[in-house]
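Please open the model in your viewer and set the display to cartoon. The tour below proceeds by successive selections.

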Amino acid sequence: MQSAWSACVDCFHPPGGDTSSPSGQGTFLGFVSTISDLLRWKESLSLRTVDGVKEVQGGKVQVPGLQMEGETQEEDRPSQRLGLCDSLHTSVHDQENSPTVRAVLCSRVCRVYRFQTNDQRWLLVREQMSETPLSFSLPKKLIRMLIHELTNRSQEVKELGDLSPHWDELRLDVLDHCNDLLRCYQETLIELDKLSASSCFKSSTSKSEQHLQFIPTNLHTQRMEVTGPDGPGVWYDVITFGAPADHHQAFKHGGLRRLLCKHTKHQDSFVSYSRDESFRARELLDSLAQLQPLIFGLAEELLSISLEMSPARLKQILDSLVYQTEQFVHAVKDELVRSARQEIHNHCNIRQLHANGFLCDNMPTNQNGLQYSKEEEEYDEEEWDRAWANVTKSINCIVVMVDRLQGKEARLRGDISPNQQEAARERDADCLTTSSTSWQEQLLPLVVTLRDCVREAVEKARASMTFVVLQEAVAASVGQGPANVLQRRHAVFSQALSAVVCGFMLKLQAGLEDPEFLQQLHKVGVLAQFEGLLSTYGEEIGMLEDMEVGVADLRKVRFNLVEAKTEQVDDLLPTLSGTWNGVVINVPLPSESFASLPSELKDGCLIPICPVLFNIGINQQQSFAERFGDSSLQEKVNQQNCECLKTYCQTLQQALPDMAGIQSVPDMLLSLDRSLEAKKRKNVEVLWNAAMVCRKVNGIRLTSCKSAKDRTGMSVTLEQCVLLRERHALSQQHFGRALDTMRRDGCRMENVQKNIGNRKFAFSAVQLLTFPKLYRPPDGSYG
């Protein structure tokens with residue numbers, strides 16, 4: 001019973017840490033109630049299980065009411081306090097226990113505070129930190145999606161048939177690349193499946209383990225509910241997790257930004273085709289494989305039937321041949337074929353190197369293996385048009401010939417008028433040499449021409465579409481760098497994805513009754529603002545390079561809201577579909593919630609995400625970077641993402657000009673610009689201004705440092721107190737002590753405990769001298 005209660009409301013202490021007073025009397029500031037203090041609003045409270053759903057039978061806590069220092073016995077005070085407690089009770093057992101929140105959050109740790117406002121009233125503040133099953137479930141689903149995609153890609157290039165030696169060499173490179181990743185991902189999935197189904201947490205001490213490469217480090221939701229005397233509770237969420245980075249491969253050669261830059265010099269040998277274009281190319285290859293033998297078979301049958309000289313049967317076969325030929329021409333006229341042939345020509349005449357793997361067939365090579373065209377002539381854009389047009393002309397000639405043959409037979413039988421006979425004789429003179437020539441003999445040269453034209457068009461189209469499929473496969477595999485670099489990118493993306501999906505689901509749940517927010521989702525999408533506290537010195541610069549790419553890769557993500565089958569936890573967890581270049585997160589909602597959505601969202605409108613990253617190093621290593629190293633990466637990242645943030649806000653203002661608070665966003669962006677231009681050392685105002693803009697536009701807030709334990713704890717507690725001061729009139733004179741209380745006795749200390757086994761932030765007194773003042777913990781809470 002004790003554990004059930006502590007999961008809901010933990011006891012903690014006054015700001016000074018003094019709990020010796022037997023009466024529980026002390027200052028109100030930051031006084032997070034003991035059980036007896038909490039129950040002073042009611043004579044008794046019922047106990048509930050951790051999830052808040054089931055009430056413990058017979059479980060009551062009864063404690064006599066206590067009088068706090070400085071309180072009077074005015075009649076209105078008890079009713080005010082009772083109202084605060086009732087608000088908290090309603091929030092805990094209604095809002096927090098919605099089906100979606102129960103599915104997304106687990107292992108909750110709570111703290112409850114009372115803080116005084118400027119007008120001497122009271123705020124009831126509930127701080128909650130939770131794990132999420134998405135830490136493991138989503139990466140496993142992503143790995144399965146990648147395995148499926150890699151398997152399909154391998155099969156696709158295997159099915160391309162016989163290729164020239166140069167193209168076949170490239171195919172083998174793609175297959176080796178895919179097989180390396182498949183083997184690794186299958187082994188990783190096996191190891192993850194061995195873990196408990198209830199696994200929700202990867203500690204900072206496990207961040208380098210290979211089988212946990214895809215799992216975000218120390219992922220938690222940090223939530224704060226603020227209840228005032230005059231209104232309902234207001235929730236503020238921050239997702240905290242270790243900076244998405246590949247600690248297993250480490251950072252000896254840098255992070256993804258550096259590794260990918262090293263590889264870009266090889267990428268100009270490849271043409272970039274999308275997955276959709278590759279799919280169209282495979283469809284065309286399949287169509288060619290079906291239509292060519294079908295046309296050839298019908299042409300042979302036409303010749304055979306012509307021996308019978310049966311007009312009706314001949315007309316039937318001819319109609320089928322015409323139809324299939326028209327389908328063939330329609331297929332090969334695809335603009336993708338034309339553009340691919342242009343690219344093939346460019347690669348043959350301009351690149352010419354054997355190493356690029358794209359040597360055109362039927363072109364000579366010199367003694368060094370370089371391919372060249374005889375006259376390096378310009379590409380003839382009409383060549384391809386002539387190829388498919390010749391197919392059309394050939395089938396038209398066959399149609400005309402059959403009409404003439406049938407017309408001559410009709411004249412012999414006297415089935416047509418004299419005038420028609422004379423016109424037919426004139427036409428026949430052009431193509432019929434003697435009256436004794438058989439139908440087959442007259443159709444044969446035309447059928448041979450048709451077959452030759454079809455064969456030529458097939459060869460050109462097949463080469464073009466094989467080029468597209470191979471190029472897309474190369475770009476998605478070998479073109480991304482060595483297998484270990486692509487694996488690193490997938491792992492970093494997985495960590496960032498788990499965090500942002502968790503944040504999106506909480507944001508969606510909070511905004512289901514907000515029409516403006518729902519309009520924002522389908523018209524503009526959702527903003528995700530990542531706050532980084534990494535230094536630009538030593539290994540952490542590699543982590544920042546990983547994080548930058550991982551956050552940017554989230555731009556390929558779309559959310560799709562779907563109706564859940566049931567309200568069981570498994571049916572409310574998101575699923576993945578799509579491919580690496582276009583990931584779709586299917587977010588289930590209970591039937592009642594789904595029914596309330598705008599029609600656009602119910603009809604499957606995909607919700608884009610705009611991820612932005614702002615980083616300011618605050619620790620001792622950042623001092624080294626600023627004095628002896630280089631912080632240009634941080635400046636570049638912040639400036640680029642500021643432009644992305646401006647673009648999102650401008651788009652939002654254009655789409656929803658009457659949205660509440662949108663008119664103040666330009667001024668906030670101006671403040672962000674000024675803070676970026678200030679070039680101050682450890683200018684944390686950049687982070688504060690970016691966070692303000694994010695909350696104003698209903699964005700998802702995410703905060704990271706190396707392991708989301710110490711620096712992240714300082715950041716989120718500061719943000720919570722700033723929100724209390726700016727939005728709920730927390731007394732300025734109590735701000736500092738409230739901040740110390742949250743850091744000493746709040747949820748983030750529990751985070752330290754579960755990660756490293758003690759209740760001390762991992763700072764030294766010397767290190768803290770280099771921290772911005774507001775990011776320093778109180779005495780006694782570090783060491």
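The stops that follow concern a sheet and the helices beside it, in a model that is predicted.

**The sheet.** Begin by selecting the 10 strands that form an open sheet of mixed pairing. Their order across the sheet is E3-E4-E5-E6-E12-E7-E11-E8-E10-E9. Strand E3 (106–116) and strand E9 (575–579) are the edge strands, each pairing on one side only. From one strand to the next, the twist averages 25°.

**A strand pair.** Next, select residues 122–131, strand E4, together with residues 220–227, strand E5. Seven bridges join these two strands in the antiparallel sense. Display the side chain of Arg126, which stands opposite Glu225 in E5.

**Helices on the sheet.** Select residues 134–158 to bring up helix H5, which packs on the sheet and touches E9 and strand E10 (582–589). The direction of H5 makes about 30° with that of E9. Then select helix H16 (residues 539–553), which also packs on the sheet and touches strand E7 (526–532), strand E11 (607–615) and strand E12 (700–704). Here the angle between the directions of H16 and E11 is about 160°.

**A helix crossing.** Keep H16 visible and add helix H14 (residues 483–511): how do the two axes cross? They come within 8 Å and cross at roughly 70°, so H14 is roughly perpendicular to H16. The crossing is right-handed. To view the contact, show Arg488, Arg489, Val492, Phe493 and Ala496 of H14 with Asp546, Val549, Gly550 and Asp553 of H16. Coloured by class, this contact has four nonpolar, one polar and four charged residues.

Note on methods: Residues are numbered from 1 along each chain as its sequence is written. This is a predicted model: local features need pLDDT of at least 70, side-chain atom pairs count only at pLDDT 80 or more; totals for chains, interfaces and linings use all residues. Side-chain values use heavy atoms; hydrogens and water are left out. Two strands pair if DSSP finds at least two bridges between them. Helices (H or I, at least four residues) and strands (E, at least two) are DSSP runs, numbered from the N terminus. Axes are lines fitted to C-alpha atoms, for helices over the stretch in contact, and angles run from 0 to 180 degrees between N-to-C directions. Contact means heavy atoms within 4.5 Å. Angles under 35 degrees count as roughly parallel, over 145 as roughly antiparallel, 65 to 115 as roughly perpendicular and the rest as oblique. A crossing is left-handed if the near helix is turned anticlockwise from the far one by less than a right angle, and right-handed if clockwise. Ala, Val, Leu, Ile, Met, Phe, Trp, Tyr, Cys and Pro count as nonpolar, Asp, Glu, Lys and Arg as charged, and the others, Gly among them, as polar.
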